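The following points concern the charged side-chain pairs in this entry. Please read them alongside the sequence and coordinates.

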Amino acid sequence: MYSPTFVAIEVGNHTLHIAVGNVTPAETDVEDNTITIGMTVLPVTGPPPGGVPDLAPESAVTIPTQPVEGEIVSLSIRVANRGSVAADAALIDISDVRPNGTIVPIGTSVLSTPLGLGDSVVVDSPSFVAAGVGEHRLQIDIRSVTPAETDVEDNSLTISMTVLPAKGPPPPNEGGFSWTRRSSRAVGRSRSRRGAGGDLAAPDAARDRTPRAPAPEPPDDSPPPIRPP
């Protein structure tokens, strides 16, 4: 005889109790009408049994891999079907856990093409802006699988993303020295005035205060005036 089928629920050691009753004609010895056997339920290590899909996000990468704050980012997610039948559709939710702990939803991607058993596909997320310098965690969750899944423990994936600070334009001259022809002449004069010990001579301004003789006037080459007769 075979018992009705039942689902093995809860991993561990079970006890199955079997009893025979309502015997016709009636028994006189009922002491041997029962038996107890053991049954061990093991954890699921492979695809769930039966005809159901089992979707899982296997990997994901950001484009670019290390975005600069304010840059547009997209996410490529590889989804695999580990079940025994094809998945007709599914939804993939993506959210950003920022360095300060704030959770910001990015959006939802749709798996609208059937994914056969053992197959995988790359799904792109909605684009988003990298906001907040530091280490981010991108959370990926698969839900609403059709036909319905029985194993949802592998439906989530978390990856890291580093957002770099934006580099603004450098300040003008950064407080440094602007090289001009005039400054090069000043350096040349300074070098020519170095003494044996490396000291600089007195500045030009000190010599400029010395009185100088006026320059001679040019000779008068104009013709002599016309005298009256």
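1. Asp-96 has a relative accessible area of 2% and is therefore buried, the cut-off for that class being under 20%. The model under review is a predicted one.

2. The carboxylate of Asp-96 is not without a partner: its side chain forms a salt bridge with that of Arg-98, at 3.8 Å from N to O. Arg-98 itself is partly exposed, with 27% relative accessibility.

3. Across the whole structure, the search returns three salt bridges. The Arg-98 and Asp-96 contact is one of them, and the remaining points take up Arg-82 with Asp-154 and Asp-93 with Arg-143.

4. Arg-82 and Asp-154 are joined through their side chains in a salt bridge of 3.2 Å, N to O. Arg-82 belongs to the loop between strand S4 (72-81) and strand S5 (89-97), while Asp-154 belongs to the loop between strand S9 (134-146) and strand S10 (156-163); the pair therefore ties together parts that are 72 residues apart in sequence.

5. As to accessibility in this pair, Arg-82 is partly exposed at 37%, whereas Asp-154 is buried at 16%.

6. Asp-93 and Arg-143 also meet in a side-chain salt bridge, with an N to O distance of 2.5 Å. Because Asp-93 is in strand S5 and Arg-143 in strand S9, this pair ties together parts that are 50 residues apart in sequence. Arg-143 has a relative accessible area of 37% and is partly exposed.

Methods
Residues are numbered from 1 along each chain as its sequence is written. This is a predicted model: local features need pLDDT of at least 70, side-chain atom pairs count only at pLDDT 80 or more; totals for chains, interfaces and linings use all residues. Side-chain values use heavy atoms; hydrogens and water are left out. A salt bridge is a side-chain nitrogen of Lys or Arg within 4 Å of a carboxyl oxygen of Asp or Glu. Helices (H or I, at least four residues) and strands (E, at least two) are DSSP runs, numbered from the N terminus. Buried means under 20% relative accessible area, exposed over 50%, partly exposed in between (1.4 Å probe, protein chains only).
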